[in-house]
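Welcome, and please keep your viewer open. We will go from one selection to the next and look at what is there.

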Amino acid sequence: MKTLSLYIPIIIIVGCAKEKEQEPKLFDHTYRDQAYVYLSENKADSAFFYFNLAENQYQDSKDSLNAANCLIQMAIILSNQGDYFGSQETSLQATAFLNESNPAHHYYLSSNFNNLGISAHRLKDYQHALKFYESAIQFSTDSASTQMYLNNKAKTLQQKKDYAAALEIYKRIVDESTESPRGYARALTNYAITKWAHEPRYDARPDLWRALHIRQREDDLWGQNSSYTHLADYYTNKQPDSALFYAHRRYAAAKKLKSGDDLVHALQKLIQLERSDSVKRYFEAYKQLNDSIQLTRSAAKNQFALIRYEVEKNKADNLRLQHENAEKAYQINRQRLLTIAISLLGLIFSVGGIYWYKKRKQRMELEAQHRLKAYQLSTSKKIHDVVANGIYRVMAELENQHTIDREGVLDRLEDMYEKSRDISYETIDLPIVQYDFHERVTQLLTSFATDSTKVIIAGNDPGVWEGVPPKVKQELAHILQELMVNMRKHSQASNVAVRFERYADQLLVHYTDNGVGLPEGMAYGNGLTNTGNRIESLQGVITFDTAVEKGMKIQISFPVFLNS
């Protein structure tokens with residue numbers, strides 16, 4: 001059955017036309033145009049690959065609107081392939097390139113919010129799905145899109161069993177869809193099914209039959225598939241023979257549509273309704289098809305992740321080659337300067353001896369001062385990480401809890417007291433605690449989620465942390481805590497995504513939010529300075545992506561097999 005994303009192909013076609021009105025005339029859009037060709041041919045992997053190339057190209061040229069559009073199309077592809085977490089992450093990346101106050105961006109904002117709603121709905125996160133659909137309706141630029149978003153919102157309300165609110169929306173869509181037979185049939189079907197769910201004695205047959213006749217007249221096979229489904233459900237407990245008739249009709253329609261999900265659901269219905277001597281045949285077909293779909297989706301998720309990895313790797317390789325060429329030119333100039341420098345070395349050596357003698361005493365005094373400052377900095381760092389951030393996290397958890405766990409709060413405060421006392425005595429370093437680190441990361445990150453700030457975590461599987469030394473885990477926990485504290489204090493973000501990736505001996509952490517971003521010329525405080533020192537101690541690299549117009553995008557990478 002095709003629901004929710006029914007109009008996505010229309011959005012893509014209309015989006016292409018709108019882009020042509022806004023795009024720079026002399027810019028090369030070969031990658032993007034090729035992606036749309038593959039999309040029209042249902043070659044999702046190839047379309048995703050070229051949208052990814054185009055997105056990088058647009059970022060390099062500071063074309064934020066086209067970069068956002070490519071990310072939105074990639075997110076829709078991921079959603080259609082069943083990778084809903086990846087789709088949400090990609091859609092959140094797109095929001096950083098869009099400006100809600102710019103009317104030219106509203107079309108893309110509405111499409112992006114609708115995709116976020118679809119992914120949340122399919123993950124059964126109905127509360128956030130409703131919020132995303134509301135935003136999609138707010139930025140909608142045409143009545144057809146608005147009706148689609150309203151239909152999606154009503155479907156979510158129906159899943160939440162808020163039938164009264166869903167019926168109110170469906171009634172509005174029915175009244176506004178009289179000039180569109182297909183839209184009217186869809187709205188009428190949804191209204192009848194919802195009213196029947198709300199009032200089991202309601203006779204939904206006349207409306208369902210009327211919608212089916214319209215769809216047959218319009219040769220709307222997807223619509224017929226939907227009607228057969230609802231009629232089979234309606235008759236299941238009333239007239240099993242009629243239910244079986246419509247179940248067979250749906251199975252035939254799903255075969256014509258070549259829709260794996262609809263075939264699976266049709267076979268499930270036939271297994272429920274058919275005679276026992278026919279059930280085995282349908283069950284074998286169901287099992288084989290369901291296994292095939294799961295394998296295909298699993299392969300697709302891995303494939304899209306590899307596509308993005310390869311594109312980013314090629315981009316990094318090109319940058320490395322440019323750097324190597326620049327390095328070669330630098331070496332040539334350096335050799336020229338070296339010849340001149342050698343001739344002056346004798347003079348500098350004789351003068352430098354006297355200068356070195358005078359400075360040696362000053363250096364020894366400075367080294368003593370530096371050791372004292374290093375000791376003070378180390379103590380300050382421990383106080384910041386253990387006491388300040390610990391207290392802030394307890395405050396954040398208390399702020400978002402309706403009831404206070406007094407004993408739990410006291411235990412945390414007592415633990416911080418013991419650690420701060422150890423710091424004051426400076427007897428030993430704080431102990432490295434062994435625990436299920438993926439659960440610890442989830443607890444740490446979600447403790448910063450509020451009603452106004454959503455935190456999405458991806459890739460935090462136990463296998464990602466296998467073989468990672470305890471000291472590295474402890475340092476990473478402090479790094480993540482510092483990022484979330486800074487987000488909470490300064491970013492004003494409503495959406496935060498943290499994704500973990502493991503490639504051989506390399507671990508990558510991707511942090512994205514849609515907050516105010518990092519102001520130019522901002523001075524780093526102790527927190528960010530300590531974070532940089534920690535990453536450097538792990539032989540890692542932190543990258544702040546300044547290409548986005550809104551929000552913060554950070555990537556941290558480091559080797560995982562370090563001496564613990």
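Which residues are linked with Arg499 in a network of salt bridges? Select Glu89, Arg499 and Glu501: these residues form that network. A salt bridge here is a side-chain nitrogen of Lys or Arg within 4 Å of a carboxyl oxygen of Asp or Glu.

Before we move on, a word on the model: it is predicted, so local features need pLDDT of at least 70 and side-chain atom pairs count only at pLDDT 80 or more, while totals for chains, interfaces and linings use all residues. Residues are numbered from 1 along each chain as its sequence is written, and side-chain values use heavy atoms, with hydrogens and water left out.

**Stop one: glutamate 89 and arginine 499**

Stay with the network and show the side chains of glutamate 89 and arginine 499, which meet in a salt bridge at 2.1 Å, N to O. This pair links distant parts of the chain, with glutamate 89 in helix 5 (residues 84–95) and arginine 499 in strand 2 (residues 495–503), 410 residues apart. Helices (H or I, at least four residues) and strands (E, at least two) are DSSP runs, numbered from the N terminus. Glutamate 89 has 9% relative accessibility and so counts as buried; arginine 499, at 16%, counts as buried too. Buried means under 20% relative accessible area, exposed over 50%, and partly exposed in between (1.4 Å probe, protein chains only).

**Stop two: helix 4**

Now select residues 64–80, which are helix 4. How many of its 17 residues are buried? The count is 16, so helix 4 is largely enclosed by the rest of the structure. You can also check its length: the expected span is 1.5 Å times one less than the number of residues. For helix 4 that gives 24 Å, and the end C-alpha atoms are 24 Å apart, which agrees. Just after helix 4, click on glycine 82, which takes a positive phi of about 90°.

**Stop three: two further pairs**

The structure holds 15 salt bridges, so there is more to select. Try glutamate 134 and lysine 153, whose side chains meet in a salt bridge at 2.0 Å, N to O. Glutamate 134 lies in helix 7 (residues 126–138) and lysine 153 in helix 8 (residues 143–159), so the pair ties together parts that are 19 residues apart in sequence. Glutamate 134 is partly exposed at 36% relative accessibility, whereas lysine 153 is buried at 17%.

Finally, select lysine 195 and glutamate 199, where the salt bridge is 3.4 Å, N to O. Lysine 195 is buried, with a relative accessible area of 17%, while glutamate 199 is partly exposed at 35%.
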